[in-house]
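Here is a quick tour of one model, written for someone who likes cut-offs next to the claims. Have a look at the sequence and the coordinates before reading on.

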Amino acid sequence: MTPRRLQAPGIGTSMARDLRTGRGPGARFLDLAITGAAARAAGPGGIRFTERQLYYETCRVLSPAANLLPRIPRTPAPPLRLPTFTRALEARGRETVDGLLPPVPSPPPTTPRPPSVPDAAEPDLHAYGLPRLLVCQGRSIARMLLANHVHLEAACPVLAAPDALPLDPRLVAALERAEGATVHVLHDASPEGIGLPARVRAALGPVPGVRVTSIGLVPRHAATLHLPTGRGPAPAPPSAPWPPGLRPEEASWLARGRFTQVAAVSPPRLVRTVLRLTRGPRPPRNSMWTELRGLRTTGFLTWPAA
């Protein structure tokens, strides 16, 4: 499914024609918007991003009014069609955009083992417990998080569902060995995405002590963050009931064919949020008082009992 419609407040008919043809002031304006969007997507930390993330960031640059009234939840339509953006990016040259990741290559007929999962030549790595794991709905988002070293900062392997499911039995054993492991699932606000945590749970099987949790997106996240939304044909009714936490208005939103992709989240916000949700509680800050208490409990500056 692709995001909907071209016209939106702020883009007139002549500019829309320039964007379609790739010539005129509108095309030059779009090129400047892509430049500004790339700077915003990279943020101060030099984050790397995908082409779809750059598209949504360009939509935010072209339609700044979409973020007005921040306290009112809404999901605006993107002001730019994806094919128009793709043509402009190709005319400009993808290699001219700093931070843009190359497209994800098509998987070969026999999908190889994901790079973040050890192979049979390293069986000792499977002997350790794995306290957390992140499964992304799409390959591009998983690759973007890996490119930004989220798996290292969070000490959490990052896998893509098309490559990771069904889960490797050795991976399942490592999760079980950790005693209280969590599998985080990052997915789109779409019928397929909402059903992904249940698929992951089914792939795990009856493994005691392993929790599967969704970290989004759901429709209320998309509305709160004012993320651009797309619309496709109304999906077939789900074969399984919606998750209990999904509100009736969210189920109705999905039933109308609405969807929001994880790529619509600003890359800096996405990286920060995933790190916050996956790396677990932070250790307490050291201070003079905590250090003194620690020294006291270790016997420092105390007399021996005998």
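Where does L217 lie? L217 sits in the loop between β4 (211-214) and α11. Helices here are DSSP runs of H or I with at least four residues, strands are runs of E with at least two, and both are numbered from the N terminus.

Before going further, some ground rules. This is a predicted model, where local features need pLDDT of at least 70 and side-chain atom pairs count only at pLDDT 80 or more, while totals for chains, interfaces and linings use all residues. Residues are numbered from 1 along each chain as its sequence is written, and side-chain values use heavy atoms, with hydrogens and water left out.

**Backbone oddities**

Back to that loop: the peptide bond running from G216 to L217 is cis, with omega near 5°. Another cis peptide bond joins L165 and P166, with omega about -5°; P166 belongs to the loop between α7 and α8 (169-177).

Then there are the positive phi values. E179 has a phi of about 55° although it is not a glycine, and its place is the loop between α8 and β3 (182-186). H226, also not a glycine, has a positive phi of about 60° and lies in the loop between α11 and β5 (230-231). Are these two buried or exposed? E179 is exposed, at 71% relative accessible area, whereas H226 is buried, at 6%. (Buried means under 20% relative accessible area, exposed over 50%, and partly exposed in between, with a 1.4 Å probe and protein chains only.) A glycine turns up too: G93 follows α4 and has a positive phi near 105°.

**Where α3 meets α4**

Helix α3 (residues 51-62) packs against helix α4 (residues 82-92) at an angle of about 110°, their axes 11 Å apart. The axes are lines fitted to C-alpha atoms, for helices over the stretch in contact, and angles run from 0 to 180 degrees between N-to-C directions. The two helices, α3 and α4, are therefore roughly perpendicular to each other; that label covers 65 to 115 degrees, with under 35 roughly parallel, over 145 roughly antiparallel and the rest oblique.

On the α3 side, E51, R52, L54, Y55 and T58 meet L82, F85, T86 and L89 of α4. Contact here means heavy atoms within 4.5 Å. Sorted by class, the contact of α3 with α4 has five nonpolar, two polar and two charged residues. For the classes, Ala, Val, Leu, Ile, Met, Phe, Trp, Tyr, Cys and Pro count as nonpolar, Asp, Glu, Lys and Arg as charged, and the others, Gly among them, as polar. In α4, the buried residues include L82, F85, T86 and L89.

The structure also holds two aromatic pairs. In one of them, Y55 and Y56 are tilted, at 5.0 Å centre to centre and 55° between the planes. Rings of Phe, Tyr and Trp (its six-membered ring) pair if their centres lie within 6.5 Å; planes under 30 degrees apart count as stacked, over 60 as edge-to-face and the rest as tilted. Y55 and Y56 are both buried, and ring pairs link them with F85 into a cluster.

**Salt bridges**

How many salt bridges does the structure hold? There are eight, each a side-chain nitrogen of Lys or Arg within 4 Å of a carboxyl oxygen of Asp or Glu. Some of them are listed here.

| Pair | Closest N to O |
|---|---|
| E57 and R40 | 3.2 Å |
| R139 and D163 | 3.1 Å |
| R220 and E250 | 2.6 Å |

E57 lies in helix α3 and R40 in helix α2 (residues 25-42), so this pair ties together parts 17 residues apart in sequence. E57 is buried at 2%, while R40 is partly exposed at 41%. R139 is partly exposed at 27% relative accessibility, and D163 is partly exposed at 24%. R220 is partly exposed at 29%, but E250 is buried at 3%. Salt bridges that share partners join R40, E57 and R60 into one network.

**A buried leucine**

L196 is in helix α10 (residues 196-204) and counts as buried at 1% relative accessibility. L196 touches C136, Q137, A161, L165, V185, L186 and H187, leaving aside residues up to four places away in sequence.
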